[in-house]
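User: Could you take a close look at one part of this model for me? I would like to learn about its salt bridges, and then about its surface patches.

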Amino acid sequence: MLELSFFQIKNSREPLTQVSADLTFADGFYERSKDLLYEVKNAHVEGQLFYDEPFVTGNFQVEADLLVPSSRSLEAVPLHQKFSFVENYSDHEPTQEEKELGLMIIPLADDRIDVQTAVEDNILLNIPTTILTEQEATEGLYPEGQGWEVVSEQDFAEQKKDQVNPAFAQLQDLLDKMQADENEEK
């Protein structure tokens, strides 16, 4: 668990506190992320923390190799992530004015800044919503089953364009009959 002290950073003579660590992930992380990822390897965080009244601000860069489920078939797909995030830590509950600054402010219950959990949360937040296997992406494969299939939005729009609304079909039949009756009367 990678934790730092808010008050040590606040009272440090150094302008920046550097962080560089390889991370491992406990079963609790995998349990809470079970629907979003299968495995994390080679996770590394670099960062700097500094005190800027009234917050300790952390600027982190994360790189990791993930194994995530395909959004179509749930097959495992390798995904390399490289991203940055910034968080501000406060030793008090943020005021309304501080909240209005639009900053990510994390109030601390004690003196501990939990960098491990911050990285874990941001790994999950940075997983794309659409993840495809190479075959799904290149061949446009979609899952299907007995009596059902998934189709692309484009194919769905084409099917809808060619499909006749039953209510309008009945109305058209009625109009055709009325027109035929008029023609017979003439």
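Analyst: Happy to help; we start with the salt bridges and then move on to the surface patches.

This is a predicted model, in which local features need pLDDT of at least 70 and side-chain atom pairs count only at pLDDT 80 or more, while totals for chains, interfaces and linings use all residues. Residues are numbered from 1 along each chain as its sequence is written, and side-chain values use heavy atoms, with hydrogens and water left out.

Side chains of opposite charge can pair when their charged atoms come close. Here, a salt bridge is a side-chain nitrogen of Lys or Arg within 4 Å of a carboxyl oxygen of Asp or Glu. By this rule the model has four salt bridges. One of them joins Glu120 to Arg32, with the closest N and O atoms 3.2 Å apart. This pair links distant parts of the chain, since Glu120 sits in helix H4 (residues 115-125) and Arg32 in helix H2 (residues 27-32), 88 residues apart. Helices are DSSP runs (H or I, at least four residues), numbered from the N terminus.

How covered are the two partners? Buried means under 20% relative accessible area, exposed means over 50%, and partly exposed lies in between (1.4 Å probe, protein chains only). Glu120 is buried, because its relative accessible area is 8%, while Arg32 counts as partly exposed at 43%. Arg32 and Glu120 also belong to a network of salt bridges together with Asp121.

Elsewhere, Glu31 pairs with Lys34, their closest N and O atoms being 3.4 Å apart. Arg112 and Asp111 meet in a salt bridge too, at 4.0 Å from N to O. Both count as partly exposed: Arg112 has 35% relative accessibility and Asp111 has 21%.

Now for the patches. Their residues have over 30% relative accessible area and no salt bridge; like charges are joined within 9 Å, and nonpolar side chains (Val, Leu, Ile, Met, Phe, Trp, Tyr) within 5 Å. Accessible areas come from the Shrake-Rupley method with a 1.4 Å probe, and for residues only the protein chains shown count as cover.

Phe168, Leu171, Leu174, Leu175 and Met178 make a nonpolar surface patch of about 500 Å². Met178 lies in helix H7 and is partly exposed, because its relative accessible area is 43%.

A negative surface patch is formed by Asp181, Glu182, Glu184 and Glu185. Asp and Glu count as negative, Lys and Arg as positive, and His and the chain ends are not counted; each charge is placed at NZ of Lys, CZ of Arg, CG of Asp or CD of Glu. Glu185 is in helix H7 (residues 166-185) and counts as exposed, because its relative accessibility is 70%.

Note on methods
Helix = DSSP H or I, 4+ residues; strand = E, 2+ residues; numbered from the N terminus.
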